[in-house]
Amino acid sequence: MLIMASRRWWGKAAAERMSPEERQQVEHDTHLAIYRFQNDAYRNLRYSIAAAIIIFGLFVGSDAFLGNADGTRLWPCLVLLLSAALSAGHFAASGSRPRLALQLLLAAVFTTIIGVILLIAVSN
């Protein structure tokens with residue numbers, strides 16, 4: 001407890017000794033680090049969602065190519081294959097055109113939801 005109190009006091013004393021320019025620079029650096037951390041976290045989330053859609057779409061959509069999807073089950077499988085293709089487009093566009101990549105990812109999510117709903121409706 002004493003160590004924490006001394007560190008807190010020293011940190012407070014160090015902050016009081018800073019010039020306003022140094023304090024402003026430290027605040028700017030902190031805000032920049034937080035922004036970069038959040039940006040990386042959201043990018044990783046988008047990539048994880050896109051990869052999951054590709055895997056799920058190819059897994060379920062492979063039934064269409066293997067001949068296991070008959071009649072009414074063929075359409076949900078094709079919709080899920082479309083969502084996998086849109087998600088792959090997200091990876092292709094993410095470096096050069098981030099707005100298009102986000103639009104492709106949203107389209108992939110919506111087509112996946114529609115495909116899963118159709119798959120559930122057809123299976124009953």
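The chain's secondary structure comprises 4 helices and 0 strands. This is a predicted model, and the order of elements along the sequence is α-α-α-α. The mean pLDDT of the chain is 85, with 87% of the residues scoring at least 70.

**Confidence**

- Helix α4 (residues 98–123) has the highest mean pLDDT among the elements of the chain, at 93.
- Helix α1 (residues 2–17) has the lowest, with a mean of 57.
- Where pLDDT is low, predicted coordinates should not be read in detail.

**Burial, contacts and surface**

- The chain has 124 residues, and 23% of them count as buried.
- Considering contacts between residues at least 6 apart in sequence, 61% join residues at least 24 apart.
- The exposed area of the chain is about 9300 Å², of which 68% is supplied by carbon and sulfur atoms.

**Helix α2**

- Helix α2 spans residues 20–66 and contains 47 residues.
- From its first C-alpha to its last, α2 reaches 69 Å, close to the 69 Å expected at 1.5 Å a residue.
- A kink of about 30° is present in α2, with Val60 at its centre.
- Val60 is also one of the buried residues of α2, a set that includes Ala50, Ile53, Ile54 and Gly57.
- Gly61 and Asp63 in α2 are buried as well.
- An α-helix has 3.6 residues a turn, so residues three or four places apart point the same way.
- The cover over the buried residues of α2 includes α3 and α4.
- Just after α2, Gly67 adopts a positive phi of about 90°.

**The aromatic pair**

- The structure holds 1 aromatic pair, formed by Tyr47 and Phe91.
- The ring centres of Tyr47 and Phe91 are 5.4 Å apart, and their planes make an angle of 40°, which gives a tilted arrangement.
- Tyr47 belongs to helix α2 and Phe91 to helix α3 (residues 74–93), so the pair ties together parts of the chain that are 44 residues apart in sequence.
- Tyr47 has a relative accessibility of 29% and therefore counts as partly exposed, since this class lies between the 20% limit for buried and the 50% limit for exposed.
- Phe91, at 34% relative accessibility, likewise counts as partly exposed.

Notes:
Residues numbered from 1 in each chain as written. Predicted model: local features only at pLDDT ≥ 70, side-chain atom pairs only at ≥ 80, totals over all residues. Heavy atoms only, no water. Phe/Tyr/Trp six-rings, centres within 6.5 Å; stacked < 30°, edge-to-face > 60°. Helix = DSSP H or I, 4+ residues; strand = E, 2+ residues; numbered from the N terminus. Buried < 20%, exposed > 50% of the residue type's maximum accessible area, 1.4 Å probe, protein only. pLDDT = per-residue confidence, 0-100. Expected span 1.5 Å × (residues − 1). Bend = angle between axes of the 7 residues up to and from the residue. Contact = heavy atoms within 4.5 Å. Areas by Shrake-Rupley, 256 points an atom, 1.4 Å probe, with all protein chains shown as cover.
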